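Student: Please give me a close look at a single part of this model. Pick one element, go through it in detail, and then connect it to what surrounds it.

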Amino acid sequence: MINQNSSSEQTIKRLEQAEHLKILGKYQEALDILEKLLLEDPENVSALEEIADNELGLEHFNRAEAAAIQAIGLDRKSYTGHYILGFLNMRKEEWGKGIERFKTANKLKINNPEILRCLGWTLFNDGKKAQGIVTLERSLNLDNENLLTLCDLGVAYLQTGNMIKSKNLFQKALEIDPCNERVKHCVQAVERYERTVKKII
């Protein structure tokens with residue numbers, strides 16, 4: 001007979017190992033572990049969620065979508081599954097669909113800064129600008145050094161004409177990571193905008 005506790009401990013260890021590899025950006029190595037795990041236990045929702053996340057990292061969007069749908073099919077409360085499907089909607093600029101997915105994910109996993117960031121950005125791009133900014137602010141309050149949130153919120157403020165807040169957010173992002181390409185682009189965007197405004201005045 002298989003010792004259930006021992007088997008469960010081994011599964012957790014393998015999931016943790018895959019998570020560590022994912023953080024290092026070694027998505028394919030993580031997938032090798034997860035796919036073996038799934039062969040042994042086809043209904044392992046955690047493995048499916050992690051497969052979806054790693055496929056997303058490799059930009060294998062169809063495979064990420066398939067794994068996320070499968071995870072939700074096994075567990076309707078898979079917030080990771082809903083988040084990944086929302087992320088794919090957001091990428092395709094399907095703002096309405098993305099909002100619904102992120103709202104579901106947010107109900108299942110309250111106050112997750114990444115879910116709130118994506119929900120805020122999607123709301124903003126769907127024309128719900130005030131609601132989007134408030135949601136992005138909530139995300140930043142939970143994780144105040146997140147470069148993606150700082151940039152998204154900075155862009156939102158730039159697009160709504162709040163130059164001071166936009167510049168402050170981009171400046172903070174630059175202090176955290178001066179070499180980050182996205183941050184550099186954001187700072188350049190503000191500088192271009194300022195030059196344009198000066199010319200008009």
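**A close look at helix 3**

Tutor: Helix 3 is mostly covered, with ten of its 13 residues buried. Keep in mind that this is a predicted model. The buried residues are Val45, Ala47, Leu48, Glu49, Glu50, Ile51, Ala52, Asn54, Glu55 and Leu56. Note that Glu49, Glu50 and Glu55 are on that list.

Take the length next. Helix 3 has 13 residues, and at 1.5 Å a residue they should span 18 Å. The end C-alpha atoms lie 18 Å apart, so expectation and model agree.

Now the two ends. At the N-terminal end, Asn44 acts as the cap. A side-chain oxygen of Asn44 lies 3.2 Å from the backbone nitrogen of Ser46. At the other end, helix 3 is followed by Glu59. The phi of Glu59 is positive, near 60 degrees.

Next, the open space beside the helix. Rolling a probe the size of a water molecule over the atoms shows where empty space is left. The largest pocket has a volume of about 240 Å³. Helix 3 gives the most to its lining, with four residues. Helix 1 (4–23), helix 5 (79–91) and helix 7 (113–125) also supply at least two residues each. The full lining is Leu15, Lys22, Ser46, Glu49, Glu50, Asp53, Tyr79, Thr80, Tyr83, Asn112, Glu114 and Ile115. By class, that is four nonpolar, three polar and five charged residues.

Several names now come back. Ser46, whose backbone nitrogen takes part in the cap, is one of the lining residues of the largest pocket. Glu49 and Glu50 are buried, and both line the largest pocket.

The second largest pocket holds about 150 Å³ of space. Its lining consists of Glu19, Lys22, Ile23, Tyr27, Asp53, Leu56 and Gly57. Helix 1 and helix 3 are the elements that give two or more residues to this lining. By class, the lining has three nonpolar, one polar and three charged residues. Asp53 and Lys22 line the second largest pocket, and both also line the largest pocket. Leu56, which is buried, is among the residues lining the second largest pocket.

Follow the largest pocket across to helix 5. Tyr83 is part of the pocket lining. Tyr83 also belongs to an aromatic cluster with Phe87 and Phe102. There are three aromatic pairs in the count. In one of them, the rings of Tyr83 and Phe102 have their centres 6.0 Å apart. Their planes stand at 50 degrees, so the pair is tilted. This pair links distant parts of the chain: Tyr83 sits in helix 5 and Phe102 in helix 6 (residues 95–108), 19 residues apart. Both Tyr83 and Phe102 are buried.

Helix 7, which also helps line the largest pocket, has an aromatic pair of its own. The rings of Trp121 and Phe124 have their centres 6.2 Å apart, with planes at 15 degrees, so the pair is stacked. Both residues lie in helix 7, three residues apart, about one turn of the helix. An α-helix has 3.6 residues a turn, so residues three or four places apart point the same way. Trp121 is buried, with a relative accessible area of 17%. Phe124 counts as buried at 0%.

Helix 6 also holds a residue with more of its area accessible. Arg101 is in helix 6. With a relative accessible area of 28%, Arg101 is partly exposed. Arg101 and Asn89 are twelve residues apart in sequence and 8.5 Å apart in space, C-alpha to C-alpha.

Last, step back to the whole chain. The protein chain has eleven helices and zero strands. Its C-alpha atoms fill a box of roughly 80 × 35 × 30 Å along the principal axes. Of its 201 residues, 41% count as buried. Set beside that, helix 3 has ten of its 13 residues buried. For a residue elsewhere, take Thr196 in helix 11 (residues 181–200). Thr196 counts as partly exposed, at 43% relative accessibility. Thr196 and Leu136 are 60 residues apart in sequence and 27 Å apart in space, C-alpha to C-alpha.

Key. Residues are numbered from 1 along each chain as its sequence is written. This is a predicted model: local features need pLDDT of at least 70, side-chain atom pairs count only at pLDDT 80 or more; totals for chains, interfaces and linings use all residues. Side-chain values use heavy atoms; hydrogens and water are left out. On a 1 Å grid over the protein atoms alone, a cavity is a set of points where a 1.4 Å probe fits but cannot get out, and a pocket is an open set with protein on both sides within 12 Å along at least five of seven lines; lining residues have an atom within 4 Å of a point. Grid points are joined across faces, edges and corners, and a volume is the space filled by probe spheres set on the points. Ala, Val, Leu, Ile, Met, Phe, Trp, Tyr, Cys and Pro count as nonpolar, Asp, Glu, Lys and Arg as charged, and the others, Gly among them, as polar. The expected span of a helix is 1.5 Å times one less than its number of residues. Buried means under 20% relative accessible area, exposed over 50%, partly exposed in between (1.4 Å probe, protein chains only). A polar contact is a pair of N or O atoms within 3.5 Å; within protein, one must be able to donate a hydrogen and the other to accept it, and residues adjacent in sequence count only if both atoms are side-chain atoms. Rings of Phe, Tyr and Trp (its six-membered ring) pair if their centres lie within 6.5 Å; planes under 30 degrees apart count as stacked, over 60 as edge-to-face and the rest as tilted.
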